[in-house]
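Trainee: Please choose one part of this model and take me through it closely, starting from a single side chain and working outwards to whatever surrounds it.

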Amino acid sequence: MRKPLIVIKLGGSALTDKRRIFTPRIKEIHRAAEQVAQLSKRFSLVVVHGAGSYGHIPVREWRLESGLSSRRQLKGLAATKSKLLEWEGIFDQIFLDHQIPLIPFLASDFVVTRKGRIFSADLRPVKNWLSINCVPSTGGDIVSDRNNGFSVLSGDQLSTYLAVQLKASRLIFGTDVDGIFTSDPKHDPHARIIKELTSSTAIHAASRARVSDIPDVTGGMAGKIIEGARAASNGIPVYFVNLTVGNRLANVALNREVVCSKILPS
Ligand code: ADP
């Protein structure tokens, strides 16, 4: 029987320093890779990583957020794509160090968006690699867009799409905070974690999640909660967990007691 599939989104807030351009957090990437290696024995896995400071900062610098408006952007577009590839190389090498049979996919090679939302994606190669126990991996990217020339595709939207299309048993979003809070825990000392949400209470929580003051061009925590609610309304339990503490990622996948937030299918 095929092992249950989990889609794991590894957030750029944990894997990179989002305030400093092109700054990976090597220790946190190793921590995630170690847990993914452990989980790959029990589950089929698809890993999606955020672009972190390799994406959000150059996208803002080159004004790529809203797609193509001038030929002058093309130089910045190519430069940003090249930096995203460099990031991919750093991430992949660490996963290889942990003997994970990672198969990297550039989202721009298999996804086309329309006004920023995924319009089509060829998932046949991903399914084939999964069938021989490999771990397909992809990430937030700049992809071709039918209306806007190109668009910035968040790892969050991509994770939800993959979880729904591949009928995942769960979707896990890892970031640098413990879960979904009543407000941004980095700014509000009174913020409380919300342990359990439904798709509809999640939408309310999203409206209270501030777009952080660090560069994020894809909606930050609010965008992530909305994507999570979408997966939950498609019947997939969604977990938000802190990647920078202990083995919480593995523990949440293995159903162990752990600090996290869940959006349950309603
Ligand atoms: P990633 O890059 O890992 O995908 P984001 O930077 O988009 O993650 O979102 C995580 C950040 O969202 C946290 O570092 C936190 O400061 C901020 N945030 C804002 N509002 C909330 C909230 N209500 N609950 C949790 N985190 C929040």
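**Aspartate 141 and the sheet around it**

Mentor: In this predicted model, the side chain of aspartate 141 makes a polar contact with the side chain of lysine 81 at 2.8 Å. A polar contact here is a pair of N or O atoms within 3.5 Å; within protein, one atom must be able to donate a hydrogen and the other to accept it, and residues adjacent in sequence count only if both atoms are side-chain atoms. The side chain of aspartate 141 also reaches the backbone nitrogen of serine 108, at 2.9 Å.

Two remarks on conventions belong here. Local features need pLDDT of at least 70 and side-chain atom pairs count only at pLDDT 80 or more, whereas totals for chains, interfaces and linings use all residues. Residues are numbered from 1 along each chain as its sequence is written, and side-chain values use heavy atoms, with hydrogens and water left out.

Aspartate 141 counts as buried because its relative accessibility is 5%, where buried means under 20% relative accessible area, exposed over 50% and partly exposed in between, with a 1.4 Å probe and protein chains only. Leaving aside neighbours within four places in sequence, aspartate 141 is in contact with Lys81, Leu84, Leu106, Ala107, Ser108, Ser151, Val152 and Leu153, a contact being heavy atoms within 4.5 Å.

Aspartate 141 lies in strand β7, which covers residues 141–145; strands (E, at least two residues) and helices (H or I, at least four) are DSSP runs numbered from the N terminus. Of the 5 residues of β7, 4 are buried, so the strand is largely enclosed by the rest of the structure.

What lies beside β7? With strand β8 (residues 149–153), β7 runs antiparallel and is joined by 5 bridges; two strands pair if DSSP finds at least two bridges between them. Aspartate 141 itself stands opposite leucine 153 in β8, while valine 143 has serine 151 of β8 as its bridge partner. The connection from β7 to β8 is a hairpin of 3 residues. With strand β4 (residues 111–114), β7 pairs in the parallel sense over 2 bridges, and threonine 113 stands opposite aspartate 145 in β7.

Stepping back, these strands belong to an open sheet of 4 strands in the order β5-β4-β7-β8, with mixed pairing. The edge strands are β5 and β8, each of which pairs on one side only. Neighbouring strands of this sheet are turned by 45° against each other on average, direction ignored. Helix α4 (residues 73–97) packs on the sheet, touching β7 and β8, and its direction makes about 130° with that of β7; such angles run from 0 to 180 degrees between N-to-C directions, with axes being lines fitted to C-alpha atoms, for helices over the stretch in contact. Helix α7 also packs on the sheet, touching β4, β5 and β8, with its direction at about 50° to that of β5.

Glutamine 157 takes the description further into α7, since this residue is placed in that helix. Glutamine 157 is buried, with a relative accessible area of 6%, and its side chain reaches the backbone oxygen of glycine 116 at 3.0 Å. Not counting residues up to four places away in sequence, glutamine 157 touches Gly116, Arg117, Ile118 and Glu227. Glutamine 157 and alanine 107 are 50 residues apart in sequence and 11 Å apart in space, C-alpha to C-alpha; alanine 107 is among the contacts of aspartate 141.

Two loop residues complete the surroundings. Lysine 115 lies in the loop between β4 and β5 (117–121), and its phi is near 50°, a positive value in a residue other than glycine. At 56% relative accessibility, lysine 115 counts as exposed. Lysine 167 is found in the loop between α7 (155–165) and β9 (170–175); its phi is near 55°, again positive in a residue other than glycine, and at 69% relative accessibility lysine 167 counts as exposed.

To return to the starting point, aspartate 141 is a buried residue of β7, with side-chain links to the side chain of lysine 81 and to the backbone nitrogen of serine 108.
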